[in-house]
Amino acid sequence: MSDQTLNHAARGVLSLEAYSPGMPIDELQRRLGVSNAIKLASNENPLGPSARVRAALAAAVARENIALYPDGSGHRLKKKIAALHDIAIERITLGNGSNDIIELLGRVFLGPGRAALYSAHAFAVYSIITQAQDARAVVVPARPAGDAQPYGHDLPAMAAALKAHADVALVFIANPNNPTGTVLAPAEIEAFLDQAPADVIVALDEAYFEYLDPALRPPTRAWLERYPNLIVFRTFSKAYGLAGLRVGYSLSSAALADVLNRVRQPFNNNSLALLAAEVALDDQDYVARSVDLNTRERARLTRELGKRGLRVLPSQANFVAIDFGRDAKPIHQGLLEQGVIVRPLASYEMPTFLRVSIGTEAENERFLEALGKVLAA
Ligand SMILES: *Cc1c(COP(=O)(O)O)cnc(C)c1O
C-alpha cells in the first residue's frame with residue numbers, strides 16, 4: 001500500500017533536501033561521548049552576546065509580560081535601525097533572522113514560471129526557497145579556482161545570464177559570500193545594478209558586512225536611492241552575537257517593504273529578541289571588539305594553515321574555507337572525534353573543503369592542534 005498523504009504536497013518541496021545546519025555541541029557530545037567540544041561551524045560570534053545585552057535580557061525576563069504578544073511592528077527597533085542608516089522607517093522590514101527576509105522575497109517573487117538567479121557556491125538558503133516555491137534556478141558558474149576571488153560570484157557572467165533568461169524575477173548576491181568568504185568590488189556590483197531591469201529584484205545579502213575591510217564596503221545606502229529594485233539585508237546573528245534570538249532586517253523601497261509586510265508573520269520577532277537587538281545596536285564598542293578579534297585571528301589562522309601547506313580561500317568574513325585537495329569528509333570526522341565541530345562543504349559542491357568559523361584565540365588553537373593530530377594520523 002503506497003502512502004498517499006503527500007500526493008498533494010508541492011513538487012518542489014518533495015524534491016528538496018533540508019538545510020543541514022552545523023552540528024550543535026550537545027549532539028556531538030551525545031553521539032561521540034566527547035566533552036568540552038567546541039563549535040566553529042555556524043559563523044557565530046565567539047565572544048557571545050555583549051554584556052549589555054545579557055544584562056538587559058536578564059532584567060527583561062523579570063519585567064516584561066511575555067504573556068502579551070510582542071510589538072508586531074517592531075517600532076522601537078526599527079527607529080534605531082532608521083537612525084543608524086538614516087532611512088525612513090517604512091523602508092525597513094524585520095525578519096526572524098535574515099533567512100526570514102529571504103523567504104518573504106521568495107514567497108512574493110518566486111513561483112512556477114519565474115526564476116531566481118544566483119552564483120554556484122552561494123548561500124544554500126537561496127536554492128532552498130527557489131525550489132520550495134517551484135521556481136526555476138539559474139545558477140551561474142563561479143569564478144575559477146585560480147581567480148583572485150576563487151569560487152566567488154562572477155557578476156559579469158551573472159549579468160549576461162540575466163539578459164539571457166527573461167523569467168528571472170529575483171537575483172541573490174552575497175557579499176561577502178558564505179561559504180567562500182569571497183568579496184565583490186563595489187564597482188562590480190554597481191555595474192550589475194546598472195544592467196538589471198527595473199522589474200528584477202536584486203537582493204544583496206550583507207550578513208557579514210561588519211567584517212568587511214572598510215575600504216571594500218559598498219555604498220549600499222546611497223544605492224538604495226538610485227536603484228528602487230535593490231533590497232539589502234543585514235543580520236544580528238553574526239557580528240552582533242545574537243544568532244540564537246533570530247533577528248535580521250532589510251532596507252528597500254517603501255513599496256517593496258510594504259509587499260513583504262503583507263506576507264510576514266504578524267509577530268515574527270519575539271519581544272526578548274526585539275529588545276536584545278535594540279540594546280545590541282547601541283553597543284557598537286562590542287561590535288568593534290568582535291570585528292577586531294576576527295580580523296586578527298583570521299589572519300593568524302590563515303598564516304598557520306598556510307605553514308601547514310593548506311590552501312585557504314581569501315576571506316572577508318568570520319570564517320575561512322580550507323581546501324585539503326582531497327575528500328574532506330574523513331578530516332571532518334576526525335575533527336569531530338577530537339571534539340571540534342566544523343562545516344563540511346560537500347553540499348556546496350566543494351567536497352575537498354571544510355569551512356571553519358573564526359573562534360577565540362583559544363578555540364582556534366584547539367582547532368589547529370586537533371587538525372594537526374587528524375592530518376598526522
Ligand atoms: C548567516 C547568514 C545569514 C544570516 O542568517 P540569519 O537568518 O540572519 O541568522 C544570511 N545570509 C548569509 C549568506 C549567511 O551566511
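Trainee: How do the residues of the shell around the ligand divide into nonpolar, polar and charged?
Mentor: Keep in mind that this model is predicted. The shell includes Phe 123, Asn 99 and Asp 205. Gly counts as polar here, and Gly 97 is in the shell. The split is three nonpolar, six polar and three charged.

Trainee: Which side chain has an N or O atom 2.6 Å from an oxygen atom of the ligand?
Mentor: Look among the shell residues, which include Ser 98, Asn 99 and Asn 178. Asp 205 also has a polar atom at 2.6 Å, but from a nitrogen atom of the ligand. The side chain with an N or O atom 2.6 Å from a ligand oxygen is that of Asn 99.

Trainee: How much of the ligand's accessible area does the protein cover?
Mentor: Take one more contact to begin with: a polar side-chain atom of Thr 235 lies 2.5 Å from a ligand oxygen. On its own, the ligand has 390 Å² of accessible area. The protein covers 95% of that.

Trainee: Thr 235 belongs to S7, residues 230–235. How many residues of S7 are buried?
Mentor: Check both faces. Leu 230, Val 232 and Arg 234 are buried on one side. Ile 231, Phe 233 and Thr 235 are buried on the other. The count is six of six.

Trainee: Which residue stands opposite Phe 233?
Mentor: Strand S6, residues 201–205, pairs with S7 in the parallel sense. Helix H9 joins these two strands in a right-handed β-α-β unit. The residue opposite Phe 233 is Asp 205.

Trainee: Which residue of S8 stands opposite Val 232?
Mentor: S8 covers residues 248–251. S7 and S8 pair in the antiparallel sense over four bridges. Opposite Val 232 stands Leu 251.

Definitions and conventions: Residues numbered from 1 in each chain as written. Predicted model: local features only at pLDDT ≥ 70, side-chain atom pairs only at ≥ 80, totals over all residues. Heavy atoms only, no water. Buried < 20%, exposed > 50% of the residue type's maximum accessible area, 1.4 Å probe, protein only. Pairing = 2+ DSSP bridges. Right-handed = clockwise from strand over helix to strand, strands pointing away. Near = heavy atom within 4 Å. Polar contact = N/O pair within 3.5 Å; in protein donor to acceptor, adjacent residues only side chain to side chain. Areas by Shrake-Rupley, 256 points an atom, 1.4 Å probe, with all protein chains shown as cover.
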